[in-house]
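Here is a friendly walk through one protein, in questions and answers. Take a look at it first, and then we can work through it together.

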Amino acid sequence: MAQDNRPTDPLPKVWDPDSRVGDMLKGKRGLVVGIANADSIAYGCAVKLRAFGAELAVTYLNEKSEKYVRPLAEDLKAEIIEPLDVEKSGELERVFERIQTQWGGLDFVIHSIAFAPRADLHGRVVDCSAEGFAQAMHVSCWSFLRMAKLAEPLMSEGGVMITMSYYGADKVVGNYNMMGPVKAALEASVRYAANELGEKGIRVFAVSPGPLKTRAASGIGHFDELVQMAVERTPSHRLVDIAEVGRVVSFLAGGASSGMTGDTIYVDAGLHNVA
């Protein structure tokens with residue numbers, strides 16, 4: 001029998017923010033929301049966007065998270081680094097005002113934030129509280145629509161809006177619970193926003209990675225079981241990593257994807273195709 005040389009941990013831990021891939025995104029400027037640490041999907045996106053030549057604006061959640069995010073943003077030579085809590089009135093508007101003042105325009109936005117109260121997330125969907133459901137929708141879905149609204153006047157020559165979804169938006173996934181309906185609403189919002197903003201040359205996408213070992217994912221009950229299930233079921237028996245997600249996001253942010261909009265793009269090593 002052939003020896004299995006697959007790594008036991010398929011997630012790379014080493015990043016080289018200064019590595020250059022090419023100039024596909026040279027001259028493009030974009031906002032990346034959702035970096036919490038070096039394992040974040042948003043960080044994988046930011047690294048690859050920068051490697052393709054993009055200039056970045058980066059946000060961090062609050063003062064506590066700044067000490068983890070700011071060094072990463074500085075390594076990426078982010079020109080704008082701002083706090084952003086989408087639940088705080090006026091903060092989102094202030095970030096876009098800073099972009100307007102400093103850059104005068106915007107080419108892409110990466111929205112990689114989601115939240116649900118633990119009590120609601122760990123319970124049955126039918127038992128979730130009105131307050132918890134509303135908060136999850138506000139942070140995970142409505143904030144993307146609000147960003148699209150604020151980005152629209154800055155994308156006078158067209159642009160790209162990208163958010164992060166998950167397979168649980170389309171199929172019932174054990175322990176994903178309330179976030180399933182929330183992500184389903186997010187994917188529907190992508191389709192409607194793509195239709196409404198298409199005349200402005202603004203394209204809108206959801207990217208759906210498989211389960212990744214991020215800080216945000218740690219709040220999902222029995223998450224290790226989701227990871228094991230993914231490794232067992234994908235055709236290549238592995239997870240994707242944040243760099244792979246970042247490369248697809250870079251493609252969507254560039255001109256090569258000009259004939260696409262409104263889609264949910266799966267970057268999950270084929271997991272969604274396996275029954």
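Before we start, contact here means heavy atoms within 4.5 Å. Please keep in mind that this is a predicted model.

Q: Which residues does Val-125 touch, not counting residues up to four places away in sequence?
A: Val-125 lies in the loop between α4 (118–121) and α5. Its C-alpha is 5.7 Å from that of Asn-177, although Val-125 and Asn-177 are 52 residues apart in sequence. Leaving out residues up to four places away, Val-125 touches Asn-177, Met-178 and Pro-181.

Q: Is Val-125 buried, partly exposed or exposed?
A: Buried means under 20% relative accessible area and exposed means over 50%, with partly exposed in between. Val-125 has a relative accessible area of 35%, so Val-125 is partly exposed.

Q: With which residues is Pro-117 in contact, leaving aside its neighbours within four places in sequence?
A: Pro-117 is found in the loop between β4 (108–111) and α4. The C-alpha atoms of Pro-117 and Gln-135 are separated by 7.8 Å, with their positions 18 residues apart along the chain. With neighbours within four places set aside, Pro-117 is in contact with Gly-132, Gln-135 and Met-178.

Q: Is Pro-117 buried or exposed?
A: The cut-off for buried is under 20% relative accessible area. Pro-117 has a relative accessible area of 16%, so Pro-117 is buried.

Q: How many helices and strands does the protein have?
A: Let us step back to the whole chain. Of the 275 residues in the protein, 51% are buried. Among contacts with a separation of 6 or more, 75% are between residues 24 or more positions apart. The secondary structure comes to 8 helices and 7 strands.

Q: Are α5 and α6 roughly parallel or roughly antiparallel?
A: Helix α5 (residues 130–151) packs against α6 at an angle of about 20°, and their axes are 10 Å apart. Angles under 35 degrees count as roughly parallel. That makes α5, relative to α6, roughly parallel.

Q: How do the residues of the contact of α5 with α6 divide into nonpolar, polar and charged?
A: The crossing of α5 and α6 is right-handed. On the α5 side the residues include Phe-133, Met-137, Phe-144 and Leu-145, and those they meet in α6 include Val-182, Leu-186, Val-190 and Leu-197. By class, the contact of α5 with α6 has 15 nonpolar, 2 polar and no charged residues.

Q: Which residues of α5 does α3 meet?
A: The axes of helix α3 (residues 91–102) and α5 come within 10 Å and cross at roughly 30°. This crossing is right-handed. From α3, Leu-92, Glu-93 and Phe-96 take part, and in α5 they meet Ser-143, Arg-146, Met-147, Leu-150 and Ala-151.

Q: How many charged residues does the contact of α3 with α5 have?
A: Sorting the residues of this contact by class gives 5 nonpolar and 1 polar. The charged residues in the contact of α3 with α5 number 2.

Q: How many residues of helix α1 are buried?
A: Helix α1 covers residues 41–51 and is mostly covered. Its buried residues include Ile-41, Tyr-43, Val-47, Lys-48 and Leu-49. Of the 11 residues in α1, the buried ones number 10.

Q: What phi does Gly-53 take, just after α1?
A: Gly-53 follows just after α1, and its phi is positive. The value is about 105°.

Q: Which residues form the aromatic pair, and why does the pair tie together parts of the chain?
A: The structure holds 1 aromatic pair. The two rings are tilted, at 4.7 Å centre to centre and 50° between the planes, and they belong to Tyr-166 and Tyr-176. Both lie in the loop between β5 (159–164) and α6 (179–197), so the pair ties together parts that are 10 residues apart in sequence: Tyr-166 and Tyr-176.

Q: What relative accessible area does Tyr-176 have?
A: Its partner Tyr-166 counts as buried at 7% relative accessibility. Tyr-176 is buried too, with a relative accessible area of 6%.

Q: Where does His-237 lie?
A: His-237 has a positive phi, near 55°, in a residue other than glycine. At 35% relative accessibility, His-237 counts as partly exposed. Its place is the loop between α7 (223–233) and α8 (242–253).

Technical notes
Residues numbered from 1 in each chain as written. Predicted model: local features only at pLDDT ≥ 70, side-chain atom pairs only at ≥ 80, totals over all residues. Heavy atoms only, no water. Buried < 20%, exposed > 50% of the residue type's maximum accessible area, 1.4 Å probe, protein only. Helix = DSSP H or I, 4+ residues; strand = E, 2+ residues; numbered from the N terminus. Phe/Tyr/Trp six-rings, centres within 6.5 Å; stacked < 30°, edge-to-face > 60°. Axes fitted to C-alpha atoms, helices over the stretch in contact; angles between N-to-C directions. Parallel < 35°, antiparallel > 145°, perpendicular 65-115°, else oblique. Left-handed = near helix turned anticlockwise from the far one by under 90°. Nonpolar A, V, L, I, M, F, W, Y, C, P; charged D, E, K, R; others polar.
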